[in-house]
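User: Could you walk me through this model? I'd like to start with one contact list and then move outwards.

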Amino acid sequence: MASEMAEAIRQLVQEKGISEESVKMTIENMLKAAYKRTYGTAENAIVKFEDDLSDVSIYSRKTIVDGVYDPVTEMELEDALKLSPDCEVGDEIDILEDPKSFARSAISTGKQTAHQALSESFKDNLYNEYKTKVGEIIIGYYQREHNENIYVDLGKVEGVLPKKYQSPRERYEKNDRIKALIVDLKRTSSGLQLVLSRSDPEFVRSIVELEVPEVFDKTVEIHKVVRDAGYRTKIAVYSNREDVDPVGACVGLKGVRIQNVIRELEGEKIDILKYDADPTIFIKNALSPAEVEKVIILDADKRQALAVVQDSQFSLAIGKQGQNVRLANRLCDWSIDVKTIDQVADMDLSDIETRKAAENLFSDSDTSENASPAISEVPGIDERVCDILSTAGIDTIEKFFDAVEDGSINSLEGLTEESIAAVTKLINDNFDFVDESEVEQADNNAETEKPASDSAAAEEGEEEYFCPECGAKIDLTMSRCPVCGCEFEFQEEEEKE
């Protein structure tokens with residue numbers, strides 16, 4: 001064999017990505033196929049390589065006998081002694097074969113076997129290499145178009161961009177650069193073919209990851225991407241760090257980052273919005289760029305919601321041919337109905353909770369006399385303390401005093417007795433409270449006439465008492481302050497002699 005064989009093997013390993021062992025196995029099978037075509041069997045064929053792969057030889061292993069019946073596998077002792085003086089009957093001897101002496105048909109068979117084996121090995125290696133790349137971005141060049149499918153030159157393999165995976169905005173010419181998402185692999189007679197897509201929402205996700213470092217390092221994460229390829233894409237994002245604005249990070253300074261994404265999508269509109277676990281907030285964000293006045297949950301189990309907008313925002317919320325609300329439905333996984341304020345006012349909302357929510361929509365503030373002011377409305381309250389209370393569900397003054405009374409507020413991390421007392425003082429200084437029990441008692445007294453009414457009137461001149469902790473008014477019948485919960489006890493003063 002030629003001494004250039006080692007170089008040929010190295011080229012196959014480098015260019016085709018085939019392992020050295022696979023190349024050696026292919027050469028061995030090729031020689032054995034040619035041997036079998038010449039002698040009818042390859043069971044006694046032995047292939048040996050030089051250590052440096054500079055040469056390869058094929059031998060016929062024959063048994064030494066006294067009387068040959070099968071010249072392919074047997075050799076006379078007399079002939080064997082000429083090759084090795086120490087051999088005996090029953091020994092095996094390897095006879096070097098010259099492949100050039102094989103029949104022409106045998107050589108053709110060997111070449112065909114080698115070509116087929118190398119081709120299959122190449123396909124297997126390519127498949128193993130690219131099967132882990134499904135879902136990744138790849139770059140190639142426009143090659144040709146057939147039946148509206150675009151074929152892309154990817155170097156080792158060929159890619160196909162089917163019509164259904166193309167964006168209607170895009171047009172290509174010879175040698176145009178194409179960036180696409182690998183969605184599938186196909187084995188073909190010529191090798192391997194990658195199925196590509198530029199309309200998949202995951203393609204946009206991958207492009208954003210490339211353009212936004214915060215998304216790549218998981219500081220900002222993409223909750224979901226929905227897309228109407230060629231027209232509009234909505235991306236919901238959230239941040240794992242409070243000091244990072246997820247929308248701002250994706251948009252970039254002066255919109256540089258999002259403009260790069262839009263440019264890659266040939267001008268497709270992109271809405272970046274903030275994800276929120278609260279469906280009402282998320283739905284409101286999802287309908288951007290429209291401004292939503294209110295979101296009403298119609299049926300939480302069926303995930304049905306009503307978005308109420310001003311008349312001027314209605315067409316924007318719906319979008320062209322319903323595109324905006326349709327994408328919002330898919331993004332939030334809710335069925336969203338968009339109505340104007342006038343339309344909602346005329347609706348017959350049979351559900352009590354829905355009716356209440358709709359009524360609250362048209363009120364500027366909670367006008368209920370019994371409604372407790374929000375804790376955040378207390379003038380001068382520390383924002384940190386307010387956040388701790390709100391996180392714990394103590395968002396109204398009534399809930400604050402309930403927590404003080406049952407002692408649960410003392411278990412909140414980050415709150416001290418001084419901060420609780422400070423909030424109590426701010427509430428007492430800025431709000432007036434009426435004891436419900438006193439009001440109820442007064443109502444009862446007004447409804448029924450009692451003989452003790454005269455004595456009650458006589459007691460109007462009695463001394464007034466105030467809570468030693470918060471200063472709230474108290475009377476002799478109380479043992480706990482109705483405002484701050486402070487416990488106290490009245491004692492009679494001893495008369496001085």
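**Working through the model**

Analyst: Keeping in mind that this is a predicted model, a good place to begin is L287, which, leaving aside its neighbours within four places in sequence, is in contact with K234, V292, A307, A317, N324, V325, A328, I336 and V338.

User: And which residues have the most contacts inside the largest nonpolar core?

Analyst: Those are I283, L287, L331, I336 and V338, in a core that has 22 residues. The elements that give two or more residues to this core are α9 (279-286), β13 (292-299), β14 (304-309), α11 (323-332) and β15 (335-340). The largest share, five residues, comes from α11.

User: Is there a second core, or what else should I look at there?

Analyst: There is a second, separate core of 21 residues, and V204, I258, I270 and I272 are included in it. As general background, nonpolar side chains in soluble globular proteins tend to be buried together.

User: Back to α11: why is it described as largely enclosed?

Analyst: Seven of its 10 residues are buried, so α11 is largely enclosed by the rest of the structure. The buried ones are Q323, N324, V325, L327, A328, L331 and C332, and what covers them includes β10 (220-228), β11 (232-239), β12 (269-274), α9, α10 (314-318) and β15. Just after this helix, D333 takes a positive phi of about 60°.

User: What order do the strands of the open sheet take?

Analyst: The open sheet has three strands in the order β10-β11-β12, and the pairing is mixed. Since β10 and β12 stand at the edges with a single partner strand each, one side of each is left without a neighbour in the sheet. From one strand to the next the twist averages 20°.

User: How many bridges join β10 to β11?

Analyst: Eight bridges join them, and the two strands run antiparallel; within β11, I235 is the residue that V225 stands opposite. Helix α9 packs on this sheet, touching β10, β11 and β12, and its direction makes about 160° with that of β12. Helix α11 also packs on the sheet, touching β10, β11 and β12, with a direction at about 135° to that of β10.

User: Switching to the barrel, which strands close it?

Analyst: Five strands close into the barrel, in the order β5-β6-β7-β9-β8, with mixed pairing. The twist here averages 50° from one strand to the next. Strand β6 (residues 149-153) and strand β7 (residues 158-161) run antiparallel and are joined by four bridges, and I150 stands opposite L161 in β7.

User: Which helix packs on that sheet?

Analyst: That is α5 (residues 201-211), which touches β5 (137-146), β8 (177-188) and β9 (191-197), and whose direction makes about 130° with that of β8.

User: What about E145, how far is it from L161?

Analyst: The C-alpha atoms of E145 and L161 are separated by 9.4 Å, with the two residues 16 apart along the chain. E145 has its place in strand β5, and at 47% relative accessibility this glutamate counts as partly exposed.

User: And S60, buried or exposed?

Analyst: S60 is buried, with a relative accessible area of 0%, and is found in strand β2 (residues 56-65). Not counting residues up to four places away in sequence, S60 touches Y35, N44, I93, D94, I95 and E97.

User: What does the chain look like as a whole?

Analyst: The chain has 18 helices and 17 strands, and buried residues make up 35% of its 497 residues. Among contacts with a separation of 6 or more, 55% are between residues 24 or more positions apart. The chain exposes about 31000 Å², of which carbon and sulfur atoms supply 45%.

User: Finally, what is the average pLDDT, and where is the score below 50?

Analyst: The chain averages a pLDDT of 79, and 81% of the residues score at least 70. The pLDDT is below 50 over residues 364-369, a stretch that has one contact in the model beyond near neighbours in sequence. Residues 448-461 are also below 50, again with one contact beyond near neighbours in sequence. Where pLDDT is low, the predicted coordinates should not be read in detail.

Definitions and conventions:
Residues numbered from 1 in each chain as written. Predicted model: local features only at pLDDT ≥ 70, side-chain atom pairs only at ≥ 80, totals over all residues. Heavy atoms only, no water. Core = buried A, V, L, I, M, F, W, Y, C linked by side-chain atoms within 4.5 Å. Buried < 20%, exposed > 50% of the residue type's maximum accessible area, 1.4 Å probe, protein only. Contact = heavy atoms within 4.5 Å. Pairing = 2+ DSSP bridges. Axes fitted to C-alpha atoms, helices over the stretch in contact; angles between N-to-C directions. pLDDT = per-residue confidence, 0-100. Areas by Shrake-Rupley, 256 points an atom, 1.4 Å probe, with all protein chains shown as cover.
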